[in-house]
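Colleague: I am new to this structure and would like a close look at a single part of it. Please choose one residue, describe its setting with care, and then carry on to the other features that can be described in the same manner.

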Amino acid sequence: MTRSQLKMLPLNLVALISLMAWSAAASTPSHSSSSETSTPSASPSADVELICHTDNPAECYPKIFQATDEFQVVHDDQDLPLGLHVRLNVYTGKKEAKINVPDENDVALEGLPVDSSVVIVERDQSGQGGEASDQVRLSPNAPPYDPAGKIKTPESAKSDEGSAFYKSLAILKKGLDVDGALEMLEDISHDIYYGLKIAEDYETVRELFCLAASESSSAAGDAHTSLTRARLAALTLSSAVQNNPKALAEIERHWTTKLSSSLCRSDSTEPLGTTTFVLLAPSLSSPSSSSSSSASATADTDPALTKARISLLSGLLRSPILRRDFLASGGPSHLLRILIARNRQPEWLLAQRSAAFLLLDNFLDPDMGATMGEWPTQAQLPKEECAAREDKQQGKDGEEGECLDWHVEQLRSRHAAIDHWSHELWSKLAKYRKAEAAGQARTDTVREKTDL
């Protein structure tokens, strides 16, 4: 009977951890002059310089890392103030930092041996049936692994800000000062704590989804109000789930229990499971006009709202369940209608770019976490038939996928600049088709050998 052997190294674990934290803090780069190095960097003001790698404001972060009492991921291009507690997360490989608290006890180490620097656990060489086992026996007192980490209540939640937040939740659900409540929630939803609190409240989530998927009124004043509310609601949900896996898990839980089948109005016939994805894009006829402006913008043609909805989808599609329903409702066809729209408004061009990268990141680019093989799946029509359909404007909603390859090739040919998103989309789609054909060839070969 074999047992795991523990080899204990002589250096004290607590001393090593403290030494590592001190070394990381001491090696943190500082941009202060030599005369100021003795004074810790002050916390940045609200008006901080941001780093933005995309068009989505929710994905921006401060140039100078703003520490809290909880460990947060430090981006490679962020500057770290002096005196923080810095560590390397061995699970993710990312650098994390928080406010340093002297003599702080790490609760994650409670119950674990602390009389050595490293504990090496040898794998059990014989499993059941005499086969080698890859499992490592953990200490019974080891804390459960939580990839999202613990989200503590910030001090601001106990002040006027927290009071205003919960008041806004109540106002939104009661339908009172909706506009004021939406502005407050959209502004605070970027915070990981408040984003989670928004996602946990089913009534709030349902109201935000209904507003985000709502169509505008025919009256000019009401149309503007509806568009603004829809955009703020979409941005609030988008910010709540971006880089917040616990909030996304709450949305997913609501979706599978009752949210997807919920009706926004008593006279409505379409549940949220349909309207959330169908109302994403304009109709075929709306955006094809070359007009650069419209006196009466609607939810179908407003680029700012469309871009906000795409941002929301970018966060929701990280959930396999929501991605499955998105595909089942023909979501990619709606996005393709955005891509082929010949509207030259600058804001509309940004919405097209966002739609293209949503498809790339979720379905065509494995380096960005895409799940390959889920889309595209439709058989493609001959190029001649696709061109004739385009000339005669015979295409119907939902049929764009049959000419996906032709549409993407046409987009690439219309944009000479190699850095235009259409070139990357065409390249990834071509690579996907090549892999798809190779996989089919292998399947046919196996089938032939089986028949023989």
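Modeller: Let us begin with Glu96, which counts as buried because its relative accessibility is 8%, under the 20% that sets the limit for this class. Please keep in mind throughout that this is a predicted model. Glu96 belongs to strand 6, a run that covers residues 95–99. Its side chain makes a polar contact with the side chain of Asn89, at 2.8 Å. When the neighbours within four places in sequence are left aside, Asn89 appears again among the residues in contact with Glu96, together with His85, Val86 and Arg87, and also with Phe71, Gln72, Val73 and Val74.

From this one residue we can turn to the covalent links between cysteines, where the count comes to 3 disulfides. If the bonded cysteines of the protein are numbered in sequence order, the pairing reads 1-2, 3-4, 5-6.

One of these links joins Cys52 to Cys60, with a distance of 2.0 Å from S to S. The torsion about this S-S bond is about 120°, and therefore the disulfide of Cys52 and Cys60 is right-handed. As for the surroundings of Cys52, this residue counts as partly exposed because its relative accessibility is 44%, a value that lies between the 20% limit for buried and the 50% limit for exposed.

Another link is formed by Cys210 and Cys264, where Cys210 counts as buried, since its relative accessibility is 11%, while Cys264, at 29%, counts as partly exposed. The sulfur atoms of Cys210 and Cys264 lie 2.1 Å apart, and the link is left-handed, with -90° about the S-S bond. This pair links distant parts of the chain, 54 residues apart, for Cys210 sits in helix 5 (residues 202–212), whereas Cys264 is placed in the loop between helix 7 (245–259) and helix 8 (272–278).

There is also a disulfide that joins Cys386 to Cys403, with an S to S distance of 2.1 Å. Here the torsion about the S-S bond is about -95°, so the disulfide of Cys386 and Cys403 is left-handed. This pair, too, links distant parts of the chain: Cys386 is in helix 13 (residues 383–392) and Cys403 is in the loop between helix 13 and helix 14 (404–414), with their positions 17 residues apart in the numbering. Cys386 is buried because its relative accessibility is 3%, and Cys403 is likewise buried, with a relative accessible area of 3%.

Helix 14 comes up once more when we look at the enclosed spaces, for the structure holds 2 cavities of 30 Å³ or more. The second largest cavity has a volume of about 30 Å³, and its lining consists of Leu359, Leu364, Trp375, Leu404, Val408, Leu425 and Leu429. The elements that give two or more residues to this lining are helix 12 (346–364), helix 14 and helix 15 (421–451). Sorted by class, the lining of the second largest cavity has 7 nonpolar residues, with no polar and no charged residues.

Key:
Residues are numbered from 1 along each chain as its sequence is written. This is a predicted model: local features need pLDDT of at least 70, side-chain atom pairs count only at pLDDT 80 or more; totals for chains, interfaces and linings use all residues. Side-chain values use heavy atoms; hydrogens and water are left out. A disulfide is a pair of cysteine sulfur atoms within 2.5 Å. Buried means under 20% relative accessible area, exposed over 50%, partly exposed in between (1.4 Å probe, protein chains only). Helices (H or I, at least four residues) and strands (E, at least two) are DSSP runs, numbered from the N terminus. A polar contact is a pair of N or O atoms within 3.5 Å; within protein, one must be able to donate a hydrogen and the other to accept it, and residues adjacent in sequence count only if both atoms are side-chain atoms. Contact means heavy atoms within 4.5 Å. On a 1 Å grid over the protein atoms alone, a cavity is a set of points where a 1.4 Å probe fits but cannot get out, and a pocket is an open set with protein on both sides within 12 Å along at least five of seven lines; lining residues have an atom within 4 Å of a point. Grid points are joined across faces, edges and corners, and a volume is the space filled by probe spheres set on the points. Ala, Val, Leu, Ile, Met, Phe, Trp, Tyr, Cys and Pro count as nonpolar, Asp, Glu, Lys and Arg as charged, and the others, Gly among them, as polar.
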